[in-house]
Amino acid sequence: MWIAILFMALAATIASIFYLIGRFKKFYFVRRLARGSKKRLKLFGFLCLLPLIVYGVFDLVNAIIIMFHLSVFWLIFETFASLHRKLKKRRRARLKIDLPYEVGADTEAEVDSAVSTEAVVRGESEDGDTAADAVSRDDDKKQNESEDDGKKYWLGAAVLIFTTVYLAIGWYNAHHVAITKYKVNTEKNIGKDTIRIVQITDSHVGTTFDGEGFAEHMKTVQDLHPDIVVITGDYVDDSTTKEDMVRSCEALGELETTYGIYYVYGNHDRGYYSSRDFSADDMEAELMKNNVVVLQDESVLVDDSIYVVGRKDASAERGRGPDKGGRLSAQKLTEELDKSKFILMLDHQPTDYDNEAASGADLVLSGHSHGGQLIPLQFIGQYIIRANNRTYGIEKRKDTTFIVCSGISDWAIDFKTGCISEIVVVDVQKKD
């Protein structure tokens, strides 16, 4: 499936390049430079797109994202403009057919004009066409002349402005981390009235912030006064440096919590391409050195009232990805736990809801999906290809509450148009 998606993306990228060159050719300054030469027109249309292509050499993913958005918005704008022109033609045709007229001219030119007007009123042209056909043909000619006149191609300028503003908002959503709060009620004894769980996920350290940037976000976490901090995978990425990884682990070690910090692996954490200057074992050693509990199909009992259950990543279960050792089922992980106690389950990918609900877990926290990242990917991922049980937000199945966090960063895309970056706060409250 992913190979098919890759080829589709490649084909769409090539199509976007040719489409955008054709659009840039319509601008006035491009036509002036071309001086009527079709070859120069194509060349200068290409040169308008060249900066984005050069940018793609250094950041291919985001160059493609910008190109796709520009192409799609241009296509949408042109479609609406075309529909508007067609409606306008029909309206003009109806108005011209219904116009009153008088024939009483003294000059030959006025007579010709009156005859022409009479033909329009009768619904015919000199060629025998209906009035609507004549008006439509005349409007098409005027429209073509208008498009040839680059001074009047305001649609292209509108598309460029709209796309810039739209992606600027998406860039802000990706780089600005918000706080999202949820409340979960339970009848179980949790040791006190409220337990505050703070979730960090998909930090992909080195993408939108480095190790020091991660440390700044941990100051925000500290200000939330967490009882438990959980990290639900994709903590680092293939592009993360050892220096940033170490600094991020140190920042976790500086947090003060009531019951500790717990971590589970994501699909990126072990690395895919062996391009990093540290191994997963190095990272795990740094986490443990900073008092972070690493859970791999394991559970710990906190304050004799809350189990924290950490699952291996789903890629291990499917026999793919860097962790191919398999993983235990959700039911197997909880079968020997005291179900009268609150069970918090951590699973990077939100793909096993039915089994996790059947396992007796009270709360399951996940990340991975980045909230869908871009419109309309969240709808495609959840409802068409069904990559996840849920892409974002909160859901309840049986007695289990599921929450998917969009993460505090991104994998490679610098924009979030379908969601925000966030730290999730879950207040688990003892139900009276």
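A salt bridge here is a side-chain nitrogen of Lys or Arg within 4 Å of a carboxyl oxygen of Asp or Glu. Keep that in hand for the exercises, and remember that this is a predicted model.

**Exercise 1. Get your bearings: how many helices and strands are there, and what share of the residues is buried?**

Step 1. Run through the secondary structure and you get 14 helices and twelve strands.

Step 2. Turn to burial: of the 432 residues in the protein, 47% are buried.

Step 3. Now the contacts. Taking those between residues at least 6 apart in sequence, 73% join residues at least 24 apart.

Step 4. Finish with the surface, which comes to about 22,500 Å² of accessible area, with 56% of it belonging to carbon and sulfur atoms.

**Exercise 2. Find where the salt bridges K219–E216 and R247–E250 sit.**

Step 1. Some background: side chains of opposite charge can pair when their charged atoms come close. By the 4 Å rule, the count for this model is 20 salt bridges.

Step 2. Check K219 and E216: their N to O distance is 3.0 Å, so the pair passes the 4 Å cut-off. Both belong to helix α8 (residues 211-223), three residues apart, which is about one turn of the helix. E216 has 44% relative accessibility, so it counts as partly exposed.

Step 3. Do likewise for R247 and E250, where the closest N and O atoms are 3.9 Å apart. This pair lies in helix α9 (residues 242-253), again three residues apart, about one turn. E250 is partly exposed too, at 35% relative accessible area.

**Exercise 3. Work out which parts of the chain the D304–K341 pair links, and whether each partner is buried or exposed.**

Step 1. The closest N and O atoms of D304 and K341 are 3.7 Å apart, and the two form a salt bridge.

Step 2. Place the partners: D304 is in the loop between β6 (298-302) and β7 (306-310), while K341 is in the loop between α12 (330-334) and β8 (342-346). They are 37 residues apart, and the pair links distant parts of the chain.

Step 3. Look at accessibility. With 53% relative accessible area, D304 is exposed, whereas K341, at 16%, is buried.

**Exercise 4. Pick out the residues of a salt-bridge network and of a positive surface patch.**

Step 1. The network links R311, R327, D347, D352 and E356.

Step 2. For the patch, the members are K86, R90, R91 and R94.

Step 3. Zoom in on K86: you'll find K86 in helix α4 (residues 60-97), partly exposed with a relative accessible area of 47%.

Technical notes: Residues are numbered from 1 along each chain as its sequence is written. This is a predicted model: local features need pLDDT of at least 70, side-chain atom pairs count only at pLDDT 80 or more; totals for chains, interfaces and linings use all residues. Side-chain values use heavy atoms; hydrogens and water are left out. Helices (H or I, at least four residues) and strands (E, at least two) are DSSP runs, numbered from the N terminus. Buried means under 20% relative accessible area, exposed over 50%, partly exposed in between (1.4 Å probe, protein chains only). Patches are made of residues with over 30% relative accessible area and no salt bridge: like charges are joined within 9 Å, nonpolar side chains (Val, Leu, Ile, Met, Phe, Trp, Tyr) within 5 Å. Accessible areas come from the Shrake-Rupley method with a 1.4 Å probe; for residues, only the protein chains shown count as cover. Lys and Arg count as positive and Asp and Glu as negative; His and the chain ends are not counted. The place of a charge is taken as NZ of Lys, CZ of Arg, CG of Asp or CD of Glu. Contact means heavy atoms within 4.5 Å.
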